[in-house]
Structures are given as structure tokens and as C-alpha cells.
Amino acid sequence: MLEQIEKINSLDELQALYTATFGKNGTMTARLRDMKNLDADARAALNAENATLRDAFKTRQAALENAALMAQLSAESVDVTLDPMPAARGTLHPMTRSLAEISTILHSFGYTRMTGPEIEDDWHNFTALNTPDYHPARDMQDTFFLENGNIMRTQTSAIQIRAMEAHGAPIKIFGIGPTYRREMDATHSPMFGQIEGLHVDKNVTMRDLIGDVRAFLMRFFEIDDVQLRIRPSYFPFTEPSIEIDMKWHGDKWLEIMGAGMVHPNVLRHCGIDPDVYQGYAFGFGWDRLAMLKYGLDDIRKFYDGDVRWLKNNGN
Ligand code: DAH
């Protein structure tokens, strides 16, 4: 029997022989049941045989289990020379992408980028922009007020003031960044982006403004021509003020920006003599341009931080 156990090569076979030996109807079970008929020596011999056999089964079982484990391990071995799993690659946010595109174009037209704080004071966001505190145009922009009297800037036009205060005239700058208003629906987010342009010099006219806007839109949207519609409008900081619409896909007009000739009061507030200098200014919706270019329809998604959306819209 010991030899037989040694030769068994499968756990199933070993189990079968074990049952045949030690099971309810097993050979050893029967012999042990009859032990009371044996003399003391025979009993001792039977007990010894019983113990030896059980040991032999246990040893063989351990050996077979170990062999099975080894076989499994070698079958499942890792090939360290295989290529790694592809790592998740980041994508550029549409705002980041368009920021780079817009900046490249405006730089090439001779505009220098200027920045300003997102937490603004009343002077730069309103008063210097010819919008004193009694001015009804303040109601056009639902402002977030901070407890210390400052506000979240409602328009990048505040950057114009900071630029002129710091550098005077002549000046040709653009600003781009987040702006804040209390509004929220599919086309309005409480945080949105604006692009501001300002060009002040001795002989700057509205023709220069329209020329740059045309060239900008053609470059940004990668189109050979663009049809513009100029409508009279009102902004406190420009006179005259215009709104510029753009023909989109040959059929509808899209309101794309506000602009105008810088109001003499604004120049005066920044220490620039309006009898010597004049200029134009313009303001675009930054996210709006990105939405049009990349075909996106819900501005709120821009600021949700949903990586799945970003994966589909980042490139
Ligand atoms: N700040 C204006 C707005 O938020 C946009 C704008 C209009 C900017 C005319 C300008 C401008 O510089 O000249 O609606």
C-alpha cells in the first residue's frame, strides 16, 4: 500500500484510495472495527500500520498539492518584457487650447498681453470705465460683491484701465481671463471668460478696429473670408459703441463682440489727453469663441471638471 501511495500522481486518485482505505466501508476501517478480537501485539501492530498509512497519505497529498501549485505558478508567470498598459494621457482643456490660439494671433497683430486681478476694485471695473455708481449700466452686469467692498471683476475691460494707468499711451494690449456675474443657464456660467483688446495712439480709427477683428476671426476660425455686420450699441466706456455680428455657416448672424472708440472720459481717468490720443477697444466672449470653434453647446460643462467630457472635447 505504501508503494502504491507513492506512485499516485493525481489528487483525485489519492482521494479515491484514501476513501477506499479509511472511508465508512474502507479496508482499514473494517480492520479497526475488528480490533477487539486481536491480541495486544497485533493491536499495536495495527495501530502502527494505521498511523504510517495516514502519514503516507498526508505526505503524498502535500507533495501533489505543491506540484500543482508550482505548475500553476509557472503557467501564470509574468513576462516582464511585454509592453506596459497604456497610461492615461491628459488632454488640453478647450479654454487652454483657445487661449494659446487667441494669444498667438493677437501677438502677431502687435498686441501685448496684460493681466489684472480677478478680485477688482470699483474704480477699475466701473468708475474709471465711465460707469460711476449712479450709472444705470451697472445693472447690465449682475455683480458679485465681496464683504470688503471689492468685487469679482465683471469684465476684462478693467484690464484696459490697469494697462493705461501703468503704461500711458501709445498702447496696444489685450487681456484674457475669467470674469464673474450672477447668472447661470446653458449659455451663461457665473464664471466665464473674456478677451479684451485696446489700441490707443494718435491716428487710430474704427477702420483699424474692424480690420483687426476681421483678420482675427479669419485666423481663429481658419476661414478664408468672414462677413461682418456692424450695429450701433451702447457701452459707457466707448463712444460711439458698436456690436459686431458674424455670418455663421452662411446662414445665421451671431453676435460676437462689443467694441467702440474709447470714451474721452476713460482716457482722462488714466491720465491720457483725449485731444492728442484716441483709440478703440473691443471685448469678446472667450468661452463663446471656443464653443463656436469646437462645436460645444453647454458653457457649464467647461467648468464642471468632468474628465470624460474633457477627453472628448480637449482635442
Ligand atoms: N465689457 C463689455 C461686456 O462685458 C464688452 C466690451 C464692449 C468690451 C465694448 C469693450 C468694448 O472693450 O469696447 O459686455
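# Exercises on a predicted model

At 14% relative accessibility, N130 counts as buried, the term for under 20% relative accessible area, with exposed meaning over 50% and partly exposed in between (1.4 Å probe, protein chains only). The model is predicted, so local features need pLDDT of at least 70 and side-chain atom pairs count only at pLDDT 80 or more, while totals for chains, interfaces and linings use all residues. Residues are numbered from 1 along each chain as its sequence is written, and side-chain values use heavy atoms, with hydrogens and water left out.

**Exercise 1. Locate N130 and H249 and describe their backbone and exposure.**

Step 1. N130 sits in the loop between helix 6 (122-125) and strand 3 (151-152); helices (H or I, at least four residues) and strands (E, at least two) are DSSP runs, numbered from the N terminus.

Step 2. Phi of N130 is positive, near 60 degrees, and N130 is not a glycine.

Step 3. H249, also a residue other than glycine, has a phi of about 50 degrees. Its place is the loop between strand 7 and strand 8 (252-262).

Step 4. N130 is buried at 14%, whereas H249 is exposed, at a relative accessible area of 66%.

**Exercise 2. Place the cis peptide bonds at P170 and P240.**

Step 1. A169 and P170 are joined by a cis peptide bond with omega of about 0 degrees. P170 belongs to the loop between helix 7 (157-167) and strand 4 (171-180).

Step 2. From E239 to P240 the peptide bond is cis, with omega near -5 degrees. P240 is part of strand 7 (residues 238-248).

**Exercise 3. Describe the largest cavity and its lining.**

Step 1. A cavity is a set of points, on a 1 Å grid over the protein atoms alone, where a 1.4 Å probe fits but cannot get out; a pocket is an open set with protein on both sides within 12 Å along at least five of seven lines; lining residues have an atom within 4 Å of a point. Grid points are joined across faces, edges and corners, and a volume is the space filled by probe spheres set on the points.

Step 2. There is 1 cavity of 30 Å³ or more, and the largest cavity holds about 50 Å³.

Step 3. Its lining includes F126, M140, Q155 and F237.

Step 4. By class, this lining has 6 nonpolar, 3 polar and no charged residues. Ala, Val, Leu, Ile, Met, Phe, Trp, Tyr, Cys and Pro count as nonpolar, Asp, Glu, Lys and Arg as charged, and the others, Gly among them, as polar.

**Exercise 4. Describe the largest pocket.**

Step 1. The volume of the largest pocket is about 980 Å³. Closest to its centre, of 35 lining residues, are Q194, E255, F284, G285 and R288.

Step 2. At least two lining residues come from each of helix 7, strand 5 (191-201), strand 7, strand 8, strand 9 (278-285) and helix 10 (286-294).

Step 3. The lining divides into 14 nonpolar, 13 polar and 8 charged residues.

**Exercise 5. Relate N312 to T91 in sequence and in space.**

Step 1. N312 lies in helix 11 (residues 307-313) and is exposed, with a relative accessible area of 64%.

Step 2. The separation of N312 and T91 is 221 residues in sequence, and their C-alpha atoms are 9.0 Å apart.
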